There are 2 protein chains.
Amino acid sequence: MGTHTVFFRNQPRILSTATIAGPKECAGVVGKYVDKGLQDDKFGESTFEKAECKMLTYAIEHAIENGGVERDQVDALVLGDLLNQIISASFAARDFNIPFLGVYGACSTLAEAIALGSTMIDSGYMNYVVAATGSHFSTAERQYRYPLELGCTRPPQSQWTVTGAGGVLLAKEGSPLAVTSATFGKVVDYGITDVNNMGAAMAPAARDTILTHLKETNRSPDYYDLIVTGDLGALGSRILKDLTWEKGVDIGKNHVDCGEIVYNVVEDEFQGGSGAGCSAVVFGSYLCHKLRHGGIRRMLLAATGALLSPISAAQGESIPCICHAVSVEVV
Amino acid sequence: MGTHTVFFRNQPRILSTATIAGPKECAGVVGKYVDKGLQDDKFGESTFEKAECKMLTYAIEHAIENGGVERDQVDALVLGDLLNQIISASFAARDFNIPFLGVYGACSTLAEAIALGSTMIDSGYMNYVVAATGSHFSTAERQYRYPLELGCTRPPQSQWTVTGAGGVLLAKEGSPLAVTSATFGKVVDYGITDVNNMGAAMAPAARDTILTHLKETNRSPDYYDLIVTGDLGALGSRILKDLTWEKGVDIGKNHVDCGEIVYNVVEDEFQGGSGAGCSAVVFGSYLCHKLRHGGIRRMLLAATGALLSPISAAQGESIPCICHAVSVEVV
């Protein structure tokens with residue numbers, strides 16, 4: 001094998017983004033930057049699943065609109081989500097007359113989708129691709145954990161699934177925000193079996209991909225203004241810093257975790273946010289704003305995913321994790 | 001939008017394949033061609049899920065071995081399956097120290113994975129990619145339908161999920177089997193709500209992608225020796241022929257469906273086989289043998305997928321479907 005990192009010769013651009021988030025999320029850092037903040041986390045739908053799908057549809061639709069292109073110019077939708085059979089993605093794609101590529105990387109889905117979409121554009125096969133994902137607290141709780149109605153107590157190491165969605169419109173040109181490389185992650189499993197402790201489970205995967213990326217690009221951490229992980233949460237973020245420090249790499253100065261920063265007040269959320277929508281909303285709103293206007297010029301988005309299912313956990317398996325990274329630079 | 005079809009300039013090759021199938025499948029047409037036929041559909045494991053994962057691992061491992069390359073030469077595994085959170089793919093990928101891209105297209109997964117892998121190789125980003133998928137009758141039944149122990153009666157329009165897995169090793173050169181183009185499908189939903197009638201639900205998606213492919217490549221159906229669909233089954237295959245005929249295109253002479261041919265005796269299986277493993281096993285064993293030795297030189301593999309989940313069906317939704325197609329030619 002050569003490297004795990006793909007270098008994009010033609011530097012595909014992030015032409016636009018669109019984000020939507022629930023009331024709890026909008027009380028935090030992303031509130032000022034999202035395209036739409038919801039008062040009602042059912043978004044006028046009869047079920048939470050339909051609300052999740054509608055948020056994703058909104059993010060796709062408005063990413064295209066914000067980029068000033070027509071729907072029929074878009075060559076592909078690269079979408080995924082956390083629900084069984086990624087139904088939010090499939091049902092959202094049904095509303096667009098655009099080829100659909102379903103992907104699954106749990107909470108790493110946005111980075112995987114951006115990497116694949118950038119590949120399609122960089123190689124000249126496509127002109128416009130939307131990469132998008134989302135999640136919903138109430139659909140994730142009942143699928144992965146317990147019915148909300150049970151009112152189960154949450155352990156202190158747990159995170160809170162973000163209600164929100166984010167879409168990124170990728171294009172050949174038209175924006176200073178370029179996707180310059182992507183590092184595809186391997187599955188890493190350190191034997192964690194506590195399904196409430198995703199941060200600890202995912203931190204080794206984040207370390208693996210971040211260190212691989214830095215090595216293969218011959219960069220030190222300070223090349224980046226920000227090294228952003230998806231949703232390790234407060235505890236996982238601390239573990240990641242320790243794990244990379246053990247390998248002689250100090251990311252402490254410029255590392256930030258979307259899960260750790262998404263909620264202002266860490267109260268019910270304990271370690272912070274999680275879910276595919278976490279990095280999608282924080283990256284698409286707050287972080288892209290920083291890239292466009294905030295003096296941040298180089299960012300590594302390393303989104304992590306825990307690839308378990310309730311069945312794998314029930315059958316005694318530990319939690320395999322992954323992290324895909326894309327570097328986004330103002331050029 | 002230009003076209004939905006990507007033309008591969010450098011014609012990435014199918015260097016090798018590997019397949020494994022259960023006892024019921026090996027009694028049929030693929031029995032002579034699979035790398036391994038199982039006597040025991042639990043493959044020595046304690047659960048059907050673990051058996052499914054082990055079959056997928058076998059297919060990946062032996063595709064690499066059959067191609068005569070080393071594991072560490074492989075740049076990526078593009079994998080998916082039908083289980084919630086594609087755990088067979090994720091857990092199989094855990095055993096390889098190779099970057100992993102999770103995809104989900106239900107039973108269209110193999111074609112989606114081959115298309116993405118071919119893109120990676122054609123564009124020069126990667127040298128070797130494994131595309132693989134699989135399914136298991138007993139895991140699919142309990143996830144999508146009823147526990148086996150209930151002994152539910154199956155309606156006559158139903159299909160039988162194939163127990164098996166198939167892997168394809170893609171490379172720049174080294175084989176006369178080339179992937180020459182890929183047509184990515186859109187989500188098509190004709191409003192079918194009968195979750196036992198997948199063939200009828202998926203046939204319109206197959207028509208859409210096949211007709212798009214023929215139009216964009218400026219080919220008539222007789223360009224291909226075989227137009228192969230994934231798992232429409234006997235009824236779905238007949239519907240597809242009618243639907244394309246209505247549009248003035250006659251594929252009757254050279255259309256064959258993997259689901260229709262996988263079982264010799266259509267008895268319990270009614271309309272034939274289905275599942276992500278259906279096209280993976282039939283293509284990887286019997287059809288690739290025909291391409292290598294049987295006088296078949298041009299094949300369109302149009303794998304179909306029904307993108308529903310038990311939850312979407314329970315919430316009253318119809319069945320959104322997709323079909324991705326790749327053309328495989330002896331060059």
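By what turn, and by what shift along the axis, can chain A be laid on chain B?

**View 1. The two chains of this predicted model and the axis that relates them.** A turn of 180° with a shift of 0.0 Å along the axis lays chain A on chain B with an RMSD of 0.0 Å. That is the relation of a two-fold axis. Val103(A) is the residue of chain A that comes closest to the rotation axis, with its C-alpha at 2.0 Å.

**View 2. Chain A as a whole.** The secondary structure of chain A amounts to ten helices and 14 strands. Its radius of gyration is 18 Å, close to the 20 Å that the globule rule gives for 331 residues, and chain A is therefore as compact as a globular protein of that length. Measured out along its principal axes, the C-alpha trace of chain A spans about 50 × 50 × 35 Å. Of the 331 residues in chain A, 65% are buried, and among the contacts in this chain with a separation of 6 or more, 79% are between residues 24 or more positions apart.

**View 3. The side of chain A that touches chain B.** Here 52 residues of chain A are in contact with 51 residues of chain B. The elements of chain A that give two or more residues to this side are strand E4 (76–81), helix H3 (87–94), strand E5 (100–102), helix H4 (109–122) and helix H10 (310–314), and H3(A) gives the most, with five residues. By residue class, this side of chain A divides into 26 nonpolar, 18 polar and eight charged residues. Because 98% of the interface residues of chain A are also interface residues in chain B, the copies meet through the same surface.

**View 4. Strand E14 of chain B and the strands that pair with it.** Nine of the ten residues of strand E14 (residues 321–330) of chain B are buried, so this strand is largely enclosed by the rest of the structure. Strand E13 (residues 298–306) of chain B runs antiparallel to E14(B) and is joined to it by nine bridges; within E14(B), Ser327(B) stands opposite Leu300(B). Strand E9 (residues 177–183) of chain B also pairs with E14(B) in the antiparallel sense, over six bridges, and the bridge partner of Ala182(B) in E14(B) is Val326(B). As a guide to viewing such strands, in a regular strand the side chains alternate between the two faces of the sheet.

Note on methods: Residues numbered from 1 in each chain as written. Chains lettered and ligands numbered in written order. Predicted model: local features only at pLDDT ≥ 70, side-chain atom pairs only at ≥ 80, totals over all residues. Contact = placed C-beta atoms within 7 Å. Helix = DSSP H or I, 4+ residues; strand = E, 2+ residues; numbered from the N terminus. Nonpolar A, V, L, I, M, F, W, Y, C, P; charged D, E, K, R; others polar. Buried ≥ 20, exposed ≤ 12 C-beta atoms within 10 Å, placed from the backbone. Pairing = 2+ DSSP bridges. Rg over C-alpha atoms; globule rule 2.2 N^0.38 Å. Least-squares fit on C-alpha atoms with pLDDT ≥ 70 in both.
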